[in-house]
Amino acid sequence: YKFGTGSLSVDGSSGCAIAYDDDRWGFGYENFTVDYQIRYNALPASAATMTVLGQYENSTANWTWNLTNVTGTYTYTFKYGSTYLIASSSPGLVVNTWYHMAFVRYLGSWSVYQNGVSLTVSTNVDREIPNLAANLYVGQRGDGANFVNGRIDELRISYGIARWIATFTSPTYAYLTDTYSTLLLHFDAVPSDPSGSVPWFNPDG
């Protein structure tokens with residue numbers, strides 16, 4: 001774990017966390033921020049994708065935040081259906097190292113940050129992220145595919161705010177919730193579904 005006493009473990013083929021469906025996963029055209037800490041046990045093989053966060057209703061109505069190996073270059077992507085809204089190459093990734101990642105939309109511009117360093121700002125791909133009838137998955141796409149192989153900690157979704165619009169210092173402590181935090185997962189305690197196999201979370205606690 002990065003902070004606290006635990007983190008979400010995903011092994012590349014199983015393990016994930018699920019947050020119940022919520023209207024606030026439909027970001028519309030609003031500002032929003034997704035950020036988290038991640039440590040990879042293994043990186044994607046060539047042409048493979050690992051999805052950190054996804055809401056998957058069907059093959060065309062879904063959004064995902066991913067790391068993809070594009071001919072040897074590790075690339076962060078945010079997709080709606082088959083459309084890439086942003087694609088940004090990582091300056092370098094190694095296994096067994098914690099990274100803070102942030103994806104930000106601010107006034108129609110999309111930005112990616114790795115350890116506080118701005119990688120990409122794109123201004124020509126603004127589109128609505130509609131409200132989907134699906135739960136939110138952490139560690140896979142939402143349909144049992146594209147599992148992460150590693151650990152995820154301190155995942156936060158913030159609606160109505162771009163928390164960073166320039167290079168910043170990566171967080172050094174666990175977050176406290178605020179009025180913009182629609183999901184905040186410390187992964188210190190993981191409530192399970194009735195089968196006891198998958199951690200489920202309510203958006204507000």
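**Close-up views of an all-strand chain**

**Figure 1. Overall view of the chain, in which 53% of the 205 residues count as buried.** The model shown here is predicted. The chain contains 14 strands and zero helices, so that reading along the sequence gives the unbroken pattern β-β-β-β-β-β-β-β-β-β-β-β-β-β. Taken along the principal axes, the C-alpha atoms fill a box of roughly 45 × 35 × 35 Å. The radius of gyration is 15 Å, which agrees with the value near 17 Å that a compact globule of 205 residues would have. Among contacts between residues at least 6 apart in sequence, 65% join residues that are at least 24 apart.

**Figure 2. Surface and charged side chains of the chain.** The accessible surface comes to about 8800 Å², and carbon and sulfur atoms account for 49% of this area. There are 16 negative and 10 positive side chains, and the centres of these two sets lie 7 Å apart.

**Figure 3. The largest nonpolar core, with 42 residues.** Trp65, Phe78 and Ile152 are the members of this core that touch the most other members. Strand 3, which covers residues 32-40, supplies the largest share of the core, namely five residues. Apart from this core lies another one, of eight residues, which includes Val104, Ala162, Phe168 and Leu184. In soluble globular proteins, nonpolar side chains tend to be buried together. When residues up to four places away in sequence are left out, Phe78 touches Phe32, Trp63, Thr64, Trp65, Thr83, Tyr84, Leu85, Ile86, Phe103, Trp110 and Ile129.

**Figure 4. Surroundings of Thr77 in strand 6.** Strand 6 spans residues 73-80 and holds Thr77, a residue that counts as buried because its relative accessibility is 3%, below the 20% limit for that class. Leaving aside neighbours within four places in sequence, Thr77 is in contact with Thr64, Trp65, Asn66 and Thr68, and also with Tyr84, Ile86 and Ala87.

**Figure 5. Surroundings of Leu184 in strand 13.** Leu184, a member of the eight-residue core, lies in the strand formed by residues 181-185. With a relative accessibility of 19%, Leu184 counts as buried, since the class takes in values under 20%. Not counting residues up to four places away in sequence, the contacts of Leu184 are with Glu154, Leu155 and Arg156, together with Tyr175, Leu176 and Thr177. The C-alpha atoms of Leu184 and Asp153, which are 31 residues apart along the chain, are separated by 9.9 Å.

**Figure 6. Glu30 in the loop between strand 2 and strand 3.** Strand 2 covers residues 17-19, and Glu30 is found in the loop between this strand and strand 3. The relative accessibility of Glu30 is 41%, and the residue therefore counts as partly exposed. Once residues up to four places away in sequence are set aside, Glu30 touches Arg105 and Tyr159. Glu30 and Tyr106 are 76 residues apart along the chain, and their C-alpha atoms are separated by 7.8 Å.

**Figure 7. Val95 in the loop between strand 7 and strand 8.** The loop that holds Val95 runs between strand 7, residues 83-89, and strand 8, residues 98-106. Val95 is partly exposed, with a relative accessible area of 36%. Apart from residues up to four places away in sequence, Val95 touches Tyr40, Asn41, Ala42 and Leu43. The C-alpha atoms of Val95 and Ala189, which are 94 residues apart along the chain, are separated by 25 Å.

**Figure 8. Thr71 and Phe187, each with a positive phi although neither is a glycine.** Most residues other than glycine have a negative phi. For Thr71, phi is about 45°, and the residue lies in the loop between strand 5, residues 62-70, and strand 6. Thr71 is exposed, with a relative accessible area of 75%. For Phe187, phi is about 60°, and the residue lies in the loop between strand 13 and strand 14, the latter formed by residues 200-201. Phe187 is buried, with a relative accessible area of 4%.

Notes:
Residues are numbered from 1 along each chain as its sequence is written. This is a predicted model: local features need pLDDT of at least 70, side-chain atom pairs count only at pLDDT 80 or more; totals for chains, interfaces and linings use all residues. Side-chain values use heavy atoms; hydrogens and water are left out. Helices (H or I, at least four residues) and strands (E, at least two) are DSSP runs, numbered from the N terminus. The radius of gyration is taken over C-alpha atoms; the globule rule is 2.2 Å times the number of residues to the power 0.38. Buried means under 20% relative accessible area, exposed over 50%, partly exposed in between (1.4 Å probe, protein chains only). Contact means heavy atoms within 4.5 Å. Accessible areas come from the Shrake-Rupley method with a 1.4 Å probe; for residues, only the protein chains shown count as cover. Lys and Arg count as positive and Asp and Glu as negative; His and the chain ends are not counted. The place of a charge is taken as NZ of Lys, CZ of Arg, CG of Asp or CD of Glu. A nonpolar core is a set of buried Ala, Val, Leu, Ile, Met, Phe, Trp, Tyr and Cys residues joined through side-chain atoms within 4.5 Å.
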